[in-house]
Each structure stands twice: as structure tokens, then as C-alpha cells.
Amino acid sequence: MYRKTGSMSIGTKGPPATKLDRYVYLTDANEGNWWNSAVGFEFGHMAKIPKTDKEVWVPGKWIIHKAAGLPHG
């Protein structure tokens, strides 16, 4: 769904005066659901298949974990 609507985006920003190399962040244009969207995108979520009642697991992308070099599932 996020790919279709373009409401979710991943950004990076290099801070000028810190020890960090880069900030990586997820944003969602749907302000009322930004937390669920970002968490679902990172870790995975259940989604309904259109025109059916069947739910499937959509794996997470682990973008923040990968960017930080953290282990993930």
C-alpha cells in the first residue's frame, strides 16, 4: 500500500557537527497513523488481501536496524 500511495518515505541526513555519520528516518504522510506505519514498515505487519478476508504477514524491511548495524529477525 505504501508503494502505491507514496505516503511512506525513507530519508537520510548528515549532521554537520556531531559524531554521528548519518540520521536515517521513516516518515508517513498519514499523520494520524505515523507510529503504526513506521513500526509496521520496519518490523513487519499483517495485511488483508483486497477483495478477500484473508490476512497475510508482510515482512519488515529492517531499514533502521540495517543502517545502524543492529541484529534483526
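The accessible surface of the protein, computed on a predicted model, comes to about 5900 Å², and carbon and sulfur atoms account for 58% of that area. Of the 73 residues in the protein, 22% are buried. Contacts between residues at least 6 apart in sequence include a share of 17% that join residues at least 24 apart.

The protein contains three helices and four strands, and read from the N terminus these elements follow the order α-β-β-α-β-β-α. The residues described below belong to helix 2 (residues 34-43) and to the loop between strand 4 (55-59) and helix 3 (63-68), to helix 3 itself, to strand 3, and to the loop between strand 3 (44-48) and strand 4.

**The aromatic pair**

One aromatic pair is present in the structure. Its members are F43 and W62, whose rings meet edge-to-face, with 5.3 Å from centre to centre and 85° between the planes. The pair links distant parts of the chain, since F43 belongs to helix 2 whereas W62 sits in the loop between strand 4 and helix 3, and the two residues are 19 apart. The partners also differ in burial class: F43 is partly exposed, at a relative accessible area of 39%, while W62 is buried, at 16%. Because a residue is called buried under 20% relative accessible area and exposed over 50%, the 39% of F43 falls in the partly exposed class.

Apart from residues up to four places away in sequence, F43 touches W57, G60, W62 and H65. A further relation across the chain joins F43 to I64, for these two residues are 21 apart in sequence and their C-alpha atoms are 9.8 Å apart in space.

**Helix 2 and helix 3**

H65, a residue of helix 3, is buried at 15% relative accessibility. When neighbours within four places in sequence are left aside, the contacts of H65 are E42, F43, L70, P71 and H72. Among these, E42 is a residue of helix 2, and the side chains of E42 and H65 make a polar contact at 2.7 Å. The C-alpha atoms of H65 and E42 are 8.2 Å apart in space, although 23 residues separate them in sequence.

What is the nearest side chain of opposite charge to E42? That side chain is K66, at 8.6 Å, and E42 is buried yet has no salt bridge. As a salt bridge requires a side-chain nitrogen of Lys or Arg within 4 Å of a carboxyl oxygen of Asp or Glu, the 8.6 Å to K66 does not qualify. The partner described for the E42 side chain is thus the side chain of H65, through the polar contact of 2.7 Å.

**The start of strand 3**

G44, which lies in strand 3, is buried with a relative accessible area of 12%. Not counting residues up to four places away in sequence, G44 touches V39, W57, V58, P59 and G60. G44 and K61, 17 residues apart in sequence, have their C-alpha atoms 7.3 Å apart in space.

The C-alpha separations given for these three residues are collected here.

| Residue pair | Apart in sequence | C-alpha to C-alpha |
|---|---|---|
| F43 and I64 | 21 residues | 9.8 Å |
| H65 and E42 | 23 residues | 8.2 Å |
| G44 and K61 | 17 residues | 7.3 Å |

**Positive phi in two loops**

K51 has a positive phi of about 70° although this residue is not a glycine. K51 is placed in the loop between strand 3 and strand 4, and K51 is exposed, with a relative accessible area of 89%. W62, a residue other than glycine, likewise takes a positive phi, near 55°. W62 lies in the loop between strand 4 and helix 3, where W62 is buried at 16% and forms the edge-to-face pair with F43.

Key: Residues are numbered from 1 along each chain as its sequence is written. This is a predicted model: local features need pLDDT of at least 70, side-chain atom pairs count only at pLDDT 80 or more; totals for chains, interfaces and linings use all residues. Side-chain values use heavy atoms; hydrogens and water are left out. Buried means under 20% relative accessible area, exposed over 50%, partly exposed in between (1.4 Å probe, protein chains only). Contact means heavy atoms within 4.5 Å. Accessible areas come from the Shrake-Rupley method with a 1.4 Å probe; for residues, only the protein chains shown count as cover. Rings of Phe, Tyr and Trp (its six-membered ring) pair if their centres lie within 6.5 Å; planes under 30 degrees apart count as stacked, over 60 as edge-to-face and the rest as tilted. Lys and Arg count as positive and Asp and Glu as negative; His and the chain ends are not counted. A polar contact is a pair of N or O atoms within 3.5 Å; within protein, one must be able to donate a hydrogen and the other to accept it, and residues adjacent in sequence count only if both atoms are side-chain atoms.
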